[in-house]
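Thank you for making room for this on the agenda. I will put the sequence and the structure up, and then we can go through the fold, the interior and the surface in turn.

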Amino acid sequence: MEISWIGVFFNSIDFNAPGETDDLQFMLQVRNSIILVDFIELRRSHGLPLAEAVVEAGAIRFRPMLLTALAVVVGASVILADPIFQGLAISLMFGEIASLLISRMAVPVLYYMVQKKPTGNTDMA
């Protein structure tokens, strides 16, 4: 399921405008996630432990990603007054906000889970 459909879900107006906003949002979030993982790797190469590198990279990279999402929201708000493109604007705005929040939580957690080495304790109890 593509992220902008979350915006369509919150949209009380029919989605009646053409557009490929899904692809744009997907590419933007993939790019942001790659930059975040690259930043984590950079911090780790400077000797930071995994947990500290993940937290620091998430904190430092959050503001640029938030500003990008806000630029999309402000840009989409311009077409809110147009009845034809109103559905597109609302789905784009809510989709961008939802994808920002979901991906900013999921990428660092998944990276940490994948990169964390087992401690040697194999007891399941």
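What percentage of the 125 residues in the protein do buried residues make up? The figure is 34%, where buried means under 20% relative accessible area, exposed means over 50%, and partly exposed is in between, with a 1.4 Å probe and protein chains only. Before going on, please keep in mind that this is a predicted model, in which local features need pLDDT of at least 70 and side-chain atom pairs count only at pLDDT 80 or more, whereas totals for chains, interfaces and linings use all residues. Residues are numbered from 1 along each chain as its sequence is written, and side-chain values use heavy atoms, with hydrogens and water left out.

On the fold: the protein has four helices and zero strands, and along the sequence the pattern reads α-α-α-α, helices (H or I, at least four residues) and strands (E, at least two) being DSSP runs numbered from the N terminus. If we take contacts, meaning heavy atoms within 4.5 Å, between residues at least 6 apart in sequence, then 67% of them join residues at least 24 apart.

Turning to the interior, the largest nonpolar core has twelve residues, including L36, F39, I40, L100, V107 and Y111; such a core is a set of buried Ala, Val, Leu, Ile, Met, Phe, Trp, Tyr and Cys residues joined through side-chain atoms within 4.5 Å. Helices α2 (21-45), α3 (50-77) and α4 (86-115) each supply at least two residues of this core, and α3 gives the most, with six. Another core, of seven residues, lies apart from it, with L28, V73, A89 and M93 among them.

One core member, A69, is in contact with E96 and L100, if we leave aside its neighbours within four places in sequence. E96 comes up again with S99, since a polar atom of the S99 side chain lies 3.0 Å from the backbone oxygen of E96. S99 itself is in helix α4, and S99 counts as buried because its relative accessibility is 2%.

Finally, the surface. The accessible surface comes to about 8000 Å², of which 69% belongs to carbon and sulfur atoms, areas coming from the Shrake-Rupley method with a 1.4 Å probe and, for residues, only the protein chains shown counting as cover. V30, which lies in helix α2, is partly exposed because its relative accessible area is 33%.

Key
A polar contact is a pair of N or O atoms within 3.5 Å; within protein, one must be able to donate a hydrogen and the other to accept it, and residues adjacent in sequence count only if both atoms are side-chain atoms.
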